[in-house]
Amino acid sequence: MEKLHINLDEKSYDIFIERGIFEEVGKYISKIYKKKKIVVVTDTNVDKLYGDKLIGNLKKSGYIASKIVFDAGEESKNFDILTDVYEKIVDAGIKRGDLLVAFGGGVVGDLAGFAASTIYRGLDFIQIPTTLLAQVDSSVGGKVAVDTSRGKNLVGSFYQPKMVIIDPDLLETLEEREVRSGMAEVIKYGAIYDNEFFDYLLKKEGLKNSMEDIEKIIKRCCEIKAKVVEIDELDLGLRMILNFGHTLGHAIEKYYNYGKYTHGEAISIGMYEITKLGERLGVTKIGESEKIKEILKKYELPIEDKVKLEDLIEIMKTDKKNISGILNFILLSEIGKVEIKKVVEEEITNMSFVG
């Protein structure tokens with residue numbers, strides 16, 4: 001059992017990481033929730049595999065549990081689905097003071113968490129992430145959101161869960177591509193914060209070998225994110241470093257209408273290209289882009305795309321991290337250390353770094 005504590009004063013919570021913990025979900029929830037009603041929000045993919053099992057586990061622990069299921073995929077993270085989730089929460093008899101469980105990957109965590117943050121002006125929720133990307137990143141830290149036609153995660157809030165329960169065994173039913181996608185976020189943590197962790201991942205033989213130590217890997221990622229979030233919960237300073245590769249990666253995702261690449265694959269391209277840019281700007285130590293390239297290729301992640309920069313510029317300008325016309329590009333100074341470079345919109349045009 002690995003246990004981490006996120007120290008955010010009255011919003012503090014624990015993260016539990018253990019193989020097989022899913023079988024004891026009710027026991028852990030009972031540590032923080034003494035009432036009876038629980039609503040589980042999940043998607044069709046997760047529901048098919050684990051939905052009834054989770055409901056059964058909760059009922060065995062004495063809870064009155066129901067579930068809300070929406071179609072799997074990024075395209076469901078919108079206001080129409082959100083409204084449907086709101087109405088089904090009400091129809092399930094859930095009131096303020098009851099509990100919502102976000103059970104799924106990043107899309108489920110974002111949408112269900114945002115629903116919890118807004119319905120009844122705030123409903124307690126916990127995260128049970130089922131993808132590697134969600135287990136190492138999106139389920140921790142309290143960022144919840146939905147997409148609009150103008151961009152990804154443009155409408156959202158900071159709303160911390162009451163608990164995060166991580167069972168690596170849930171990854172066994174994931175497609176290999178999704179696990180590799182999650183490894184992009186794992187690699188990000190080493191790149192921005194911990195060169196020893198980066199080297200540890202680089203020395204692994206690949207994905208299969210890394211999965212043998214997945215509890216240790218998940219814990220280290222969560223430890224790093226916890227340290228950053230404790231210092232900067234609202235993403236006004238240090239937390240921006242977690243966006244390494246994301247400004248470009250999100251633009252690539254949107255350009256292809258979320259159809260060509262998974263989130264992690266797009267971020268993989270973003271990390272490599274932004275590191276090459278950092279070298280050209282004299283911010284990044286020469287040779288670091290080759291290390292980024294080497295580790296991404298080891299985990300069979302993409303490193304470049306032929307999309308033209310001018311096609312991404314307008315998308316990047318609408319990025320939610322664009323504050324008063326200024327984008328914060330996260331550049332490595334070297335593996336394990338980063339700098340935040342402020343770039344005004346006009347300067348983006350002169351940045352040739354894709355393809």
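Start by selecting strand β9 (residues 163-166), which is covered on both faces, with Met163 and Ile165 buried on one side and Val164 and Ile166 buried on the other; buried here means under 20% relative accessible area, exposed means over 50%, and partly exposed lies in between, with a 1.4 Å probe and protein chains only. Strands (E, at least two residues) and helices (H or I, at least four) are DSSP runs, numbered from the N terminus.

This is a predicted model, in which local features need pLDDT of at least 70 and side-chain atom pairs count only at pLDDT 80 or more, while totals for chains, interfaces and linings use all residues. Residues are numbered from 1 along each chain as its sequence is written, and side-chain values use heavy atoms, with hydrogens and water left out.

Next, add strand β2 (residues 13-17), which pairs with β9 in the parallel sense over 4 bridges; two strands pair if DSSP finds at least two bridges between them. Across this pairing, Phe16 stands opposite Ile165 in β9.

From β2, move on to Phe22 in the loop between β2 and α1 (25-29), and select with it Tyr50 in helix α2 (residues 44-60), 28 residues apart from it in the chain. The two ring centres are 5.8 Å apart and the planes stand at 70 degrees, so the pair of Phe22 and Tyr50 is edge-to-face. Rings of Phe, Tyr and Trp (its six-membered ring) pair if their centres lie within 6.5 Å, and planes under 30 degrees apart count as stacked, over 60 as edge-to-face and the rest as tilted. Phe22 counts as buried at 4% relative accessibility, and Tyr50 counts as buried at 12%. Adding Phe103 completes the view, since Phe22, Tyr50 and Phe103 form one aromatic cluster.

Now turn to the nonpolar cores, each a set of buried Ala, Val, Leu, Ile, Met, Phe, Trp, Tyr and Cys residues joined through side-chain atoms within 4.5 Å. Of the 69 residues in the largest core, Ile15, Ile187, Leu201 and Leu296 touch the most other members, and the largest share of this core, 9 residues, comes from α9. A second, separate core of 24 residues includes Phe22, Ala65, Phe103 and Ile165.

Centre the view on Leu296, which, leaving aside neighbours within four places in sequence, is in contact (heavy atoms within 4.5 Å) with residues including Ile187, Met271 and Ile303. Then show helix α12 (residues 288-298), where Glu288, Ser289, Ile292, Ile295 and Leu296 are buried. These residues cover an arc of only 130 degrees around the axis, taken from the directions from the helix axis to the C-beta atoms, which puts them on the same side of α12. The buried residues of α12 pack against α6 (176-193), α7 (195-203), α11 (263-281) and β10 (326-334).

Follow that packing to β10, where 7 of the 9 residues are buried. β10 pairs with strand β11 (residues 337-344) in the antiparallel sense over 8 bridges, and Ile330 stands opposite Ile340 in β11. The two strands form a hairpin with 2 residues between them, and Gly336 in the turn has a positive phi of about 100 degrees.

Finish at Arg220 in helix α9 (residues 214-231), which counts as buried at 18% relative accessibility. The side chain of Arg220 makes a polar contact with the side chain of Glu223 (3.1 Å); a polar contact is a pair of N or O atoms within 3.5 Å, of which, within protein, one must be able to donate a hydrogen and the other to accept it, and residues adjacent in sequence count only if both atoms are side-chain atoms. Not counting residues up to four places away in sequence, Arg220 touches Tyr193, Asp194, Phe197 and Lys227.
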